[in-house]
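Here is a short briefing for a modelling reader. It starts with one helix, then moves to the whole chain and to selected residues.

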Amino acid sequence: MLENTRREDLTYVGRGVDRVDTLEKITGHALYTGDLRMPGLLHAKTKRSPHAKARIRRINTQKAERLPGVHAVITGDELDNRLGLYLVDKHVLARGSVRYHGEAVAAVAADTPAIAQHAVELIDVEYETEEPVLDPVAAFRRNAPLVHPDLGRYNYIKEVFTPLPGTNIANHTKLRKGDIEKGFKDADLIVEREYSNPNVQHVPMETHVAIGQWLPENRITIWTSAQSPFTVRNLFCHAFKVPRNQVRVFVPYVGGGFGGKAGIGLEPLACCLSRKAGGRPVKLQATREEEFSLLPCRSGLVYKIKTGVQKDGKITAQKMTLFWDAGAYADYAVNVTRASGYSAAGPYEIPNAWIDSYTMYTNKPFGTAYRGFGHVEVSWGVERHMDFIAHKLKIDPLEFRKTNALKPGSLTLTGETVTEHTGNVTRCMEAVSREIQYGSLTKAEKAREKRTGMKIGKAVVALHKAPAMPPFTATAVIIKMNEDATVTVNLALTEIGQGAYTAIAQIVAEQLRFPMDRIKVSLDSDTDKEPYDWQTVASKGLVLSGNASILAAQDLLKKAYETAGQVLRASPVDLDHDDTNVFVKHHPGKSVPFSRLAVGYAYPDGNAIGGPLIGVGQYIAQGLTNLDKETGQGLPALDWTYGAHGLVVEVDPATGEFNVIRIASAFDAGKVINPKTTRGQIVGGVLQGLGTAMCEGYIYDESGRLMNSSFTDNKILTAMDVPEEMVGIAVETPQIDGAYGARGVGEHPMIAICGGLGNAIHNACGADLVHMPIRAEDVWRAIHKIPEPPRTGFLRGKSCKP
Amino acid sequence: MRVKATINGRRIERDVPDSITLLHFLREDLGLTGTKEGCGSGECGACTVLMNGRTVNACLVLAAEIDGAVIETIEAESKDGKLSKLQEKFHKHHASQCGFCTPGMVMSLKSLVRENPKPSEEEIREAIDGNFCRCTGYKQIIEAVQDATGQLKKPEDIHYA
């Protein structure tokens with residue numbers, strides 16, 4: 001939409017304007033859910049399972065109920081309500097059995113958090129432990145203990161997902177393209193390797209928090225840190241069979257999400273406690289420890305890639321088998337599996353492809369959406385694999401990538417034809433390659449090697465991602481004009497730090513030709529007042545809500561022109577406007593100010609016409625299809641954002657310690673709406689990707705207990721870890737159906753950083769790494785070819801042989 | 001226990017239970033919710049405030065310990081409706097995304113700049129090493145401080161290929 005607008009014709013779009021949401025944040029006045037105070041507020045705590053798998057024999061809550069200050073105690077026995085976004089498999093509280101260490105089995109609401117905690121400790125639960133299944137490959141075996149024996153009875157979205165009852169497979173996504181046998185026959189070289197990634201936590205700085213109030217007659221209000229208010233409402237209403245208009249979900253400022261707050265979380269439990277406590281509002285805020293072990297994480301992954309390639313570097317076939325370690329519940333993991341199924345090869349053309357992507361239930365914390373899902377994880381193996389093949393062929397890895405890169409005329413894995421409007425991954429690779437002076441070491445770098453004794457390696461990796469969303473994903477935006485011709489924008493896409501509201505304000509300002517200070521985007525989201533939006537996920541906000549904003553602004557102007565036409569006795573087609581007035585094009589002196597049209601125009605005698613000006617814009621993804629369940633063929637992608645990273649890394653060959661010196665990252669953003677927010681997404685995403693690559697990941701003991709559920713042992717990167725140089729580069733191949741040609745770039749900076757780091761380290765010192773994360777000791781072991789000890793509770797040294 | 005303290009320039013005198021933290025006291029008793037809780041165990045720095053001019057994690061200080069102390073929180077950073085220089089530069093450089101770490105981050109940097117008006121990049125990084133930020137990648141925060149201390153050579157931007 002408006003994709004061919006020239007840069008010089010744009011006033012607000014493309015400029016690094018100030019963010020519209022920071023003033024409250026930098027002064028400490030922004031209210032997040034945990035900051036809200038209300039009369040009669042109670043505080044909740046949960047009782048959690050000390051076993052990865054067990055039957056619940058009995059729960060005794062009597063002592064807890066008798067404790068002064070306790071208002072409600074609740075167990076799973078009372079709540080036969082199931083939740084699930086795609087596959088409805090999870091009770092609000094564990095019922096009958098527990099499926100992971102840390103799962104909530106009971107909860108208490110009390111006057112204070114301390115009383116609630118004391119009451120939780122008074123709850124007595126008797127368990128009968130069972131043998132857990134802790135790795136996804138073991139879970140795949142025929143005789144594996146079942147995490148969900150009732151899988152066959154669960155509801156799920158049948159058009160999209162394929163659970164296999166009687167197994168631990170929550171979903172099997174298949175991709176079949178071309179003739180895989182022939183593809184391998186045509187190959188000169190076949191390379192087959194295994195890779196793995198652990199579970200990883202999102203770590204939003206604000207832990208999950210919800211306040212629920214369930215009044216008589218099912219009048220329900222939820223205040224929550226969720227990313228997607230309408231999805232919280234939808235799933236809540238499904239689970240409790242209440243009408244949508246009885247449930248109001250309110251999202252104030254959100255302290256980061258990264259996918260971890262995309263679905264429904266603590267809200268149902270807070271509401272059920274409120275119902276039991278006579279309708280008093282109940283607040284349930286996760287501790288940091290609960291953030292790791294009660295709430296969902298990113299699924300782990302064990303996978304095998306087999307690639308056939310000709311001597312000239314052309315890939316002929318690729319077969320991939322992916323076992324997603326989804327943990328105890330399906331949540332988003334089934335859709336992560338699906339997304340990886342249709343895009344797993346990266347931004348490369350694979351003429352003959354065969355992919356089996358399995359969501360495996362295990363007795364571990366469950367997996368959910370995490371920034372770039374299905375791509376960050378798989379890009380690790382794919383990008384390591386590409387380098388490995390290139391080295392085998394003695395072809396430069398960048399040239400190998402360029403040979404196989406998707407380009408106009410290429411067919412994606414699902415059979416979509418790439419056009420010159422799709423984006424340009426080769427330009428992204430070339431841009432970062434130039435930026436890091438790929439191919440050799442500079443004089444300064446050689447001097448640095450000499451000075452430090454470190455070895456410097458470089459790598460270029462490429463990536464792509466399209467929003468993983470239903471083909472019919474929709475949104476709407478409303479713009480209301482105020483009496484003084486300022487406007488207020490309402491939408492339910494939430495501002496979670498990504499800068500969406502600033503971009504929306506810029507788009508509205510551009511369309512209305514009003515200065516930015518006359519545009520306000522209402523900063524909280526309320527399902528009673530905002531128009532529908534599916535979810536704040538998938539880097540789809542700029543395309544869908546951006547388009548809806550353009551349409552809403554045009555609708556507002558159309559309505560203003562209708563009234564102005566009557567006032568000015570002119571046809572709306574003969575009208576134009578500036579930031580103050582609507583005027584007749586051929587008699588510019590004949591004009592009426594917006595401020596006199598905003599809430600209806602009144603003639604001097606009191607007669608009036610028009611009315612409050614409200615613009616409405618609806619937008620729905622168009623032309624997308626569900627994928628064929630047998631072949632994976634179809635059109636899943638709203639837009640593909642391509643990108644590339646170039647990394648310069650130095651490694652100490654004696655110890656395996658390494659530093660990331662420089663990262664350049666390029667994305668085909670279509671059109672950069674705000675270069676400062678784009679840079680913020682790039683730098684922040686790249687660093688989050690480095691965290692995933694370098695140090696983050698869950699470690700379990702033999703019984704499935706999470707060993708590192710705190711910042712002490714599960715670190716995230718700090719300011720001391722920031723590479724010396726980080727460069728963000730934009731390529732702009734306009735997206736025809738993007739707002740001003742824009743594509744999303746929110747998730748993409750995080751993708752393929754891990755593979756880039758692994759490749760740069762390999763190129764520096766020869767360490768061949770296949771497991772994430774890459775810690776100094778892993779590099780040291782790989783350099784010295786010392787076998788890695790089994791990663792407990794994950795691979796456990798077993799090879800992946802389906 | 002009875003404590004007397006100066007909080008954001010105002011004298012207070014309150015009875016506080018022995019067991020509550022300064023963080024709890026600020027947020028729950030005084031309504032100063034600008035100071036955030038990110039972990040409750042002194043690791044993430046979201047609750048950083050100044051106590052007698054030095055940064056502390058408010059989650060690790062007992063309210064009872066502040067008797068006689070001067071406490072500064074984010075709420076006092078802007079005066080008479082005007083942003084402080086640090087806040088101004090945070091705004092200008094997009095140094096705050098979700099904003100949850102921002103109050104603690106600003107307090108750590110306020111303490112740094114007060115003691116060291118021209119901190120090097122390394123000193124800035126060290127000053128916020130205890131303040132986790134998951135959104136920004138820290139770069140724009142570092143640049144905001146460099147700008148606030150008159151040291152930013154040229155504002156960094158994305159390049160167009």
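How many of the eleven residues of helix 9 (residues 333–343) of chain A are buried? Eleven of the eleven are buried, so helix 9 of chain A is mostly covered, given that buried means under 20% relative accessible area. The model is a predicted one.

**Helix 9 and its cover**
- The buried set of helix 9 of chain A runs through Ala333(A), Val334(A), Asn335(A), Val336(A), Thr337(A), Arg338(A), Ala339(A), Ser340(A), Gly341(A), Tyr342(A) and Ser343(A).
- Strands take part in covering these buried residues, including strand 9 (169–177), strand 17 (315–327) and strand 18 of chain A.
- The cover also includes strand 19 (367–368), helix 10 (376–393) and strand 20 (455–465) of chain A.

**Chain A overall**
- Chain A holds 19 helices and 33 strands.
- Its radius of gyration is 27 Å, close to the 28 Å that the globule rule gives for 802 residues, so chain A is as compact as a globular protein of that length.
- Along the principal axes, the C-alpha atoms of chain A fill a box of roughly 90 × 70 × 55 Å.
- Of the 802 residues of chain A, 66% count as buried.
- Among contacts in chain A with a separation of 6 or more, 79% come from residues 24 or more positions apart.
- The exposed area of chain A is about 27200 Å², and carbon and sulfur atoms supply 51% of it.
- Chain A carries 92 positive and 89 negative side chains. The centres of these two sets lie 2 Å apart.

**Asp356(A), in a strand that helps cover helix 9**
- Asp356(A) sits in strand 18 (residues 353–361) of chain A, and strand 18 is part of the cover of helix 9.
- Why does Asp356(A) count as buried? Its relative accessible area is 8%, and the cut-off for buried is under 20%.
- The side chains of Asp356(A) and Trp354(A) are joined by a polar contact of 3.0 Å.
- Beyond four places in sequence, Asp356(A) touches His172(A), Thr173(A), Lys174(A), Arg176(A), Met320(A), Thr321(A) and Leu322(A).

**Two buried loop residues of chain A**
- Val200(A) belongs to the loop between strand 10 (189–197) and strand 11 (209–215) of chain A. Its relative accessible area is 0%, so Val200(A) is buried.
- Val200(A) and Pro296(A) are 96 residues apart in sequence, with their C-alpha atoms 9.4 Å apart.
- Neighbours within four places aside, Val200(A) contacts Cys297(A), Arg298(A), Tyr370(A), Thr692(A), Glu696(A), Gly697(A) and Tyr698(A).
- Ala369(A) is in the loop between strand 19 and helix 10 of chain A. Ala369(A) is buried, at 3% relative accessible area.
- From Ala369(A) to Gln506(A) the C-alpha separation is 29 Å, with their positions 137 residues apart along the chain.
- Outside four places in sequence, Ala369(A) is in contact with His202(A), Phe258(A), Gly259(A), Gly260(A), Ala262(A) and Tyr332(A).

**Lys36(B), in contact with both chains**
- Lys36(B) lies in the loop between helix 1 (22–29) and strand 3 (48–51) of chain B.
- Is Lys36(B) buried or exposed? Lys36(B) is buried, at 1% relative accessibility.
- On chain A, Lys36(B) touches Ala30(A), Tyr32(A) and Asp35(A).
- On chain B, leaving out residues up to four places away, Lys36(B) touches Leu23(B), Arg27(B), Ala46(B), Cys47(B) and Phe100(B).
- Lys36(B) and Glu126(B) are 90 residues apart along the chain, and 21 Å separates their C-alpha atoms.

Methods:
Residues numbered from 1 in each chain as written. Chains lettered and ligands numbered in written order. Predicted model: local features only at pLDDT ≥ 70, side-chain atom pairs only at ≥ 80, totals over all residues. Heavy atoms only, no water. Helix = DSSP H or I, 4+ residues; strand = E, 2+ residues; numbered from the N terminus. Rg over C-alpha atoms; globule rule 2.2 N^0.38 Å. Buried < 20%, exposed > 50% of the residue type's maximum accessible area, 1.4 Å probe, protein only. Contact = heavy atoms within 4.5 Å. Areas by Shrake-Rupley, 256 points an atom, 1.4 Å probe, with all protein chains shown as cover. Lys, Arg positive; Asp, Glu negative; His and termini not counted. Charge placed at Lys NZ, Arg CZ, Asp CG, Glu CD. Polar contact = N/O pair within 3.5 Å; in protein donor to acceptor, adjacent residues only side chain to side chain.
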